[in-house]
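Biologist: Hey, got a minute to walk me through this fold? I'd like to start with how the strands pair up.

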Amino acid sequence: MSTTVETPKPAAARPRRPRPQVMSVTPAAMERVKALIDGRGKPTAGIRIGVRSKGCSGLSYTLEFADTQQPMDEVVEAGGIKILIDPKASLFLIGTEMDYAEEKLKSGFVFKNPNEKGRCGCGESFHV
């Protein structure tokens with residue numbers, strides 16, 4: 001006498017939701033990044049954004065030219081440019097908007113980060 005054992009079929013995998021971008025980039029920031037890359041004069045993969053320990057509040061944003069894209073970089077593509085996000089900074093930057101502002105006495109990139117709990121008085125650093 002022979003018995004047949006049926007193996008259960010695996011459940012159908014649910015389709016994955018598209019993963020949201022870590023951060024968004026305003027048109028003003030895209031134009032400024034593009035101008036910086038064009039003015040560099042050598043091949044560039046994009047701009048790398050990171051976070052490091054610095055300042056009164058503990059953390060500071062970093063920006064640097066990236067010659068190559070690293071395997072673990074988060075990539076935000078906008079307006080023909082690549083913003084590469086250091087994997088160690090991803091958790092600090094979720095939901096952040098990167099903008100570029102020009103005022104009478106200063107100009108620079110501005111990060112509107114919903115994860116920030118506070119900033120130091122000079123605006124150099126933040127904490128989450």
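Biologist: So how many bridges join β6 to β7, and do they run parallel or antiparallel?

Modeller: There are 6 bridges between them, and the two strands run antiparallel. β6 covers residues 96-102, and β7 covers residues 107-112. Keep in mind that this is a predicted model.

Biologist: How many residues sit between β6 and β7 in that hairpin?

Modeller: The hairpin has 4 residues between its two strands. If you want a pair to look at, Tyr-100 stands opposite Phe-109 in β7.

Biologist: Which strand does β1 join, and is that parallel or antiparallel?

Modeller: β1, residues 23-25, is joined to β6 by 3 bridges, and those two run parallel. Look at Ser-24 there: Glu-97 in β6 is opposite.

Biologist: What order do the strands take in that sheet?

Modeller: The order is β1-β6-β7, an open sheet of 3 strands with mixed pairing. β1 and β7 are the edge strands, each pairing on one side only. From one strand to the next, the twist averages 25°.

Biologist: And which strands does helix α1 lie across?

Modeller: α1, residues 27-40, lies across β1, β6 and β7, and runs at about 70° to β6.

Biologist: Changing topic: what about β4 and β5, parallel or antiparallel?

Modeller: Antiparallel, with 5 bridges joining β4 (residues 74-78) to β5. One of the bridge partners is easy to find: Glu-74 is matched with Ile-85 in β5. The two strands make a hairpin with 2 residues between them, and Gly-79 in the turn has a positive phi of about 60°.

Biologist: How many residues of β5 are buried?

Modeller: 4 of its 5 residues are buried, so β5, residues 81-85, is mostly covered.

Biologist: OK, on to the inside. Which residues touch the most other members of the largest nonpolar core?

Modeller: That would be Met-23, Val-33, Ile-49, Ile-83, Ile-85, Leu-93 and Met-98, out of 20 residues in that core. Two or more residues come from each of β1, α1, β2, β4, β5 and β6. The biggest giver is α1, with 4 residues.

Biologist: What does Val-33 touch?

Modeller: Leaving out residues up to four places away in sequence, Val-33 touches Ile-47, Ile-81, Ile-83, Met-98 and Phe-109.

Biologist: And Ile-49, where does that lie?

Modeller: Ile-49 is in β2, residues 46-54. Its relative accessibility is 0%, so Ile-49 counts as buried. With the residues up to four places away again left out, Ile-49 has contacts that include Met-23, Ile-83, Ile-85, Leu-93, Met-98 and Phe-111. Another one to check is Pro-87: it is 38 residues from Ile-49 along the chain, with 9.6 Å between the C-alpha atoms.

Biologist: How about rings, how many aromatic pairs does the count come to?

Modeller: The count comes to 2. One is Tyr-61 with Phe-111, which is stacked, at 4.3 Å centre to centre and 20° between the planes. That pair links distant parts of the chain, since Tyr-61 is in β3 (residues 58-66) and Phe-111 is in β7, 50 residues apart. Both Tyr-61 and Phe-111 are buried.

Biologist: Why is the pair of Tyr-100 and Phe-109 edge-to-face?

Modeller: Because their planes are at 65°, with the ring centres 5.3 Å apart; over 60 degrees counts as edge-to-face.

Biologist: Is Tyr-100 buried or exposed? And what does Phe-109 count as?

Modeller: Tyr-100 has a relative accessible area of 14%, so that residue is buried. Phe-109 is at 24% relative accessibility and therefore counts as partly exposed. The cut-off for buried is under 20%.

Biologist: Last thing, the whole chain. How many helices and strands are there?

Modeller: There are 2 helices and 9 strands. Along the sequence the pattern goes β-α-β-β-β-β-α-β-β-β-β.

Biologist: What share of the residues count as buried?

Modeller: 31% of the 128 residues. The chain exposes about 9200 Å², and carbon and sulfur atoms supply 53% of that. As for contacts with a separation of 6 or more, 51% are between residues 24 or more positions apart.

Notes
Residues numbered from 1 in each chain as written. Predicted model: local features only at pLDDT ≥ 70, side-chain atom pairs only at ≥ 80, totals over all residues. Heavy atoms only, no water. Pairing = 2+ DSSP bridges. Buried < 20%, exposed > 50% of the residue type's maximum accessible area, 1.4 Å probe, protein only. Contact = heavy atoms within 4.5 Å. Axes fitted to C-alpha atoms, helices over the stretch in contact; angles between N-to-C directions. Core = buried A, V, L, I, M, F, W, Y, C linked by side-chain atoms within 4.5 Å. Phe/Tyr/Trp six-rings, centres within 6.5 Å; stacked < 30°, edge-to-face > 60°. Areas by Shrake-Rupley, 256 points an atom, 1.4 Å probe, with all protein chains shown as cover.
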